[in-house]
Amino acid sequence: INTTRANAAVQVFDQVDSIHDKYVCNQSLNVEIQSLVQQLQDTSLTSTNAKNLKEQVSIFENAQNTISLDPYNTLVAEYEKETSGFIGNVLKIFAKDVEYFR
């Protein structure tokens with residue numbers, strides 16, 4: 001079982017700062033984790049290891065589900081709508097830029 005690519009995906013995720021880069025890294029991590037899980041499922045796992053793998057996959061999938069249901073992008077859209085126009089654009093000078101998670 002080769003974990004190099006999954007480990008690299010985690011390290012890159014930890015090193016990036018922008019929301020968009022986090023999104024791209026999350027997509028890559030998702031692919032690598034699925035590949036790793038498939039490799040593990042193709043081996044002869046003990047019942048304990050199979051159970052542990054199933055639990056870890058469930059935890060990862062639940063985290064991905066939480067991310068997909070998070071209202072962050074909706075809040076970004078609302079912020080952009082509320083800060084549109086002349087006054088909003090002037091006030092944005094003092095605010096941090098927001099990015100969509102996509």
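A salt bridge is taken here as a side-chain nitrogen of Lys or Arg within 4 Å of a carboxyl oxygen of Asp or Glu. The model examined is predicted. A search of the whole structure finds one such salt bridge. Its partners are Glu32 and Arg5. Their closest N and O atoms are 3.0 Å apart. The pair links distant parts of the chain, with the two positions 27 residues apart in numbering. Glu32 belongs to helix H2, and Arg5 to helix H1 (residues 4–15). The two partners fall into separate burial classes. Glu32 has a relative accessible area of 12% and is therefore buried, the limit for that class being under 20%. Arg5 reaches 59% relative accessibility and so counts as exposed, a class that begins over 50%.

Helix H2 spans residues 19–41 and also contains Ser28. Ser28 counts as partly exposed because its relative accessibility is 34%. Ser28 and Val10 are 18 residues apart along the chain. Their C-alpha atoms are separated by 9.2 Å.

A nonpolar patch lies on the surface. It is formed by Phe86, Ile87, Val90, Leu91, Ile93 and Phe94. Together these residues have about 730 Å² of accessible area. One of them, Val90, is placed in helix H5 (residues 85–92). Val90 has 34% relative accessibility, so this residue counts as partly exposed.

Methods:
Residues numbered from 1 in each chain as written. Predicted model: local features only at pLDDT ≥ 70, side-chain atom pairs only at ≥ 80, totals over all residues. Heavy atoms only, no water. Helix = DSSP H or I, 4+ residues; strand = E, 2+ residues; numbered from the N terminus. Buried < 20%, exposed > 50% of the residue type's maximum accessible area, 1.4 Å probe, protein only. Patch = residues over 30% accessible without salt bridge, like charges linked within 9 Å, V, L, I, M, F, W, Y side chains within 5 Å. Areas by Shrake-Rupley, 256 points an atom, 1.4 Å probe, with all protein chains shown as cover.
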